[in-house]
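Dear colleague,

I am passing on the structure below, and after it I set out what I found when going through it. Please read the notes with the coordinates open beside you.

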Amino acid sequence: MSQKQGEKVEQMLVKMTVQAVAFLVLATVVGSEHFRVATVYSEPLYFNMTRSNGVAMPSGLMVDLMAKLSEELNFTYEIYESPDNKYGKPVFDADGNVSWIGVMGQVVDGHADIAATGLTITPLRSEVVTFTVPFFRADLGVIYREREDTFTWWIFLSPFTWQVWALIGSALLMTSLILYVVELRDTDGTALNSIGGCISFSLACLFAQGPEAYPQSVTTRIVAASWWFLSLMLLVLYSADLTSTLTIRKGELEIDKLEDLMTVPGLTFAIRKDTSIEETFKHTEYVPFQLMWQRMISFPDESLITDVYAAVQRVRDDPNFVFIGETPKLEYEIGKPPCNLKMISSANGPKTGGDFGLAFRKGNYEWVDKVNRAILKLQQTGYLAELHRKWFSIRAQCDNKEVLSAHRVGNIDLHKTAGVFIFFGIGILLATIQFTGRVICEKYFWIPSKKMFEKPEPPPPNP
């Protein structure tokens with residue numbers, strides 16, 4: 001076979017291979033199932049993300065999940081947003097007929113084959129659609145804004161109440177007076193023979209400093225030992241409380257679970273309308289949730305909202321407003337700047353969360369069974385965990401702030417210590433004024449100084 005003939009044979013084989021592949025692809029497409037998929041615009045499950053070329057393309061966790069299922073099960077699909085952009089709930093007319101809104105309505109009315117979004121599996125919804133096994137777990141959570149520090153310049157006085165400070169001052173003066181009276185009677189020529197020396201001794205013990213002189217008599221030593229013990233205990237208590245005050249944020253909401261929201265005065269909490277969360281609060285038999293629902297329907301304009309993004313922005317602006325939602329959405333929102341939101345997720349109480357599932361038309365058990373097996377496979381292989389990491393963890397622009405603890409350690413800045421420096425400055429100013437006044441009096445008013453009363457040293461003896 002000549003080289004020319006060999007090239008022709010090779011070209012023919014390539015052509016046949018291309019035709020075979022094209023035939024297989026065509027046969028696969030023609031023979032595959034095609035679905036219309038309804039969704040809700042909700043970052044990061046489904047949204048339009050601008051690519052590097054400037055073109056906005058549908059993106060999100062649901063887009064990746066549907067593409068993966070399509071690859072695994074060999075079907076085609078088209079995805080579109082529900083016209084009302086709602087998840088869905090039943091609506092009754094005057095005659096008692098029921099219809100569904102949102103993506104649920106799209107599936108029930110036959111406009112869509114699948115609802116693929118953060119749709120919580122509930123008994124009521126399961127009556128009209130067939131859900132797959134859950135592909136995502138969603139607890140019920142609440143987000144709130146971190147509150148401003150409430151430190152004052154005189155925060156260094158906060159460890160003790162004014163009554164305790166008054167007792168400390170009284171105890172100091174009483175100790176100094178007892179030391180002065182007893183030492184003046186029993187000893188002579190010590191620093192404790194003056195009231196000033198006794199006060200200086202008491203202050204030195206209180207601040208854990210070494211005094212200039214120590215008591216000599218048994219009585220004053222007992223008094224001094226009692227004062228030392230009191231000073232030690234006060235110093236320990238003061239240091240511990242001040243450290244806690246300066247480094248731990250105490251302005252946060254003191255809530256650990258949803259029910260605690262009822263205990264915070266002046267707090268407004270809201271949920272999104274036409275969702276499974278609304279149905280949970282509306283039909284619950286759990287008394288705390290019933291009380292929360294009664295408060296919400298008393299102020300429907302503030303507590304039953306339709307725009308989640310506006311609600312999140314209000315949480316950022318108003319420290320007395322919190323938003324209750326499903327944790328995947330809340331987790332995504334607190335990861336956005338300015339990073340001033342915190343989340344509490346709690347499993348306490350009945351039905352505080354749910355599972356996300358794909359909703360098929362009622363009775364489509366064949367494809368539901370296929371998708372169930374595919375979802376279980378994706379869970380086992382870690383694909384769903386990787387999806388969560390891709391769309392939640394990696395995209396977060398803030399640190400991990402959704403810790404349940406409501407306290408945060410911070411730095412001790414100038415605002416927290418300004419009162420200490422002011423107190424120190426006042427002491428220096430008083431000392432300067434006293435010294436300046438003494439010098440002026442000695443110079444212009446002939447008030448004798450201490451040196452005038454000192455005996456001159458005797459002259460050295462003559463050799």
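**Contacts, cores and salt bridges**

If neighbours within four places in sequence are left aside, L69 is in contact with N74, F75, L358, V371, A374, I375 and L378. Please bear in mind that this is a predicted model.

L69 also belongs to the largest nonpolar core, which has 29 residues, and it is listed there with L61, F135 and L358 as the residues that have the most contacts inside that core. At least two residues of this core come from each of β1 (33-39), α2, β9 (136-145), α13 (365-381) and α14, and α13 gives the most, with six residues. Apart from this core lies another one, of 20 residues, which includes V142, L267, I271 and W293.

Helix α14, which spans residues 383-393, has L384, L387, W391 and F392 as buried residues. These four cover an arc of only 95 degrees around the axis, and they therefore lie on the same side of α14. As background, an α-helix has 3.6 residues a turn, so residues three or four places apart point the same way.

Turning to charged pairs, the search of the whole structure finds 16 salt bridges. One of them joins K390 and D64, whose closest N and O atoms are 2.7 Å apart. Because K390 lies in helix α14 and D64 in helix α2 (residues 61-73), this pair ties together parts that are 326 residues apart in sequence. The two partners are not alike in their surroundings, since K390 counts as partly exposed at 37% relative accessibility, whereas D64 is buried, with a relative accessible area of 18%.

Within α14 itself, R389 forms a salt bridge with E386, and here the closest N and O atoms are 3.0 Å apart. R389 and E386 are three residues apart in helix α14, so about one helical turn separates them. Both count as partly exposed, R389 at 40% relative accessibility and E386 at 38%. Elsewhere, E43, K329, E333 and K336 are joined into one network by salt bridges that share partners.

A further pair is D139 and R137, which form a salt bridge with their closest N and O atoms 3.3 Å apart. D139 is partly exposed, with a relative accessible area of 23%, and R137 likewise counts as partly exposed, at 48% relative accessibility.

With best regards

Conventions: Residues numbered from 1 in each chain as written. Predicted model: local features only at pLDDT ≥ 70, side-chain atom pairs only at ≥ 80, totals over all residues. Heavy atoms only, no water. Buried < 20%, exposed > 50% of the residue type's maximum accessible area, 1.4 Å probe, protein only. Arc of directions from axis to C-beta. Salt bridge = Lys/Arg side-chain N within 4 Å of Asp/Glu carboxyl O. Core = buried A, V, L, I, M, F, W, Y, C linked by side-chain atoms within 4.5 Å. Contact = heavy atoms within 4.5 Å.
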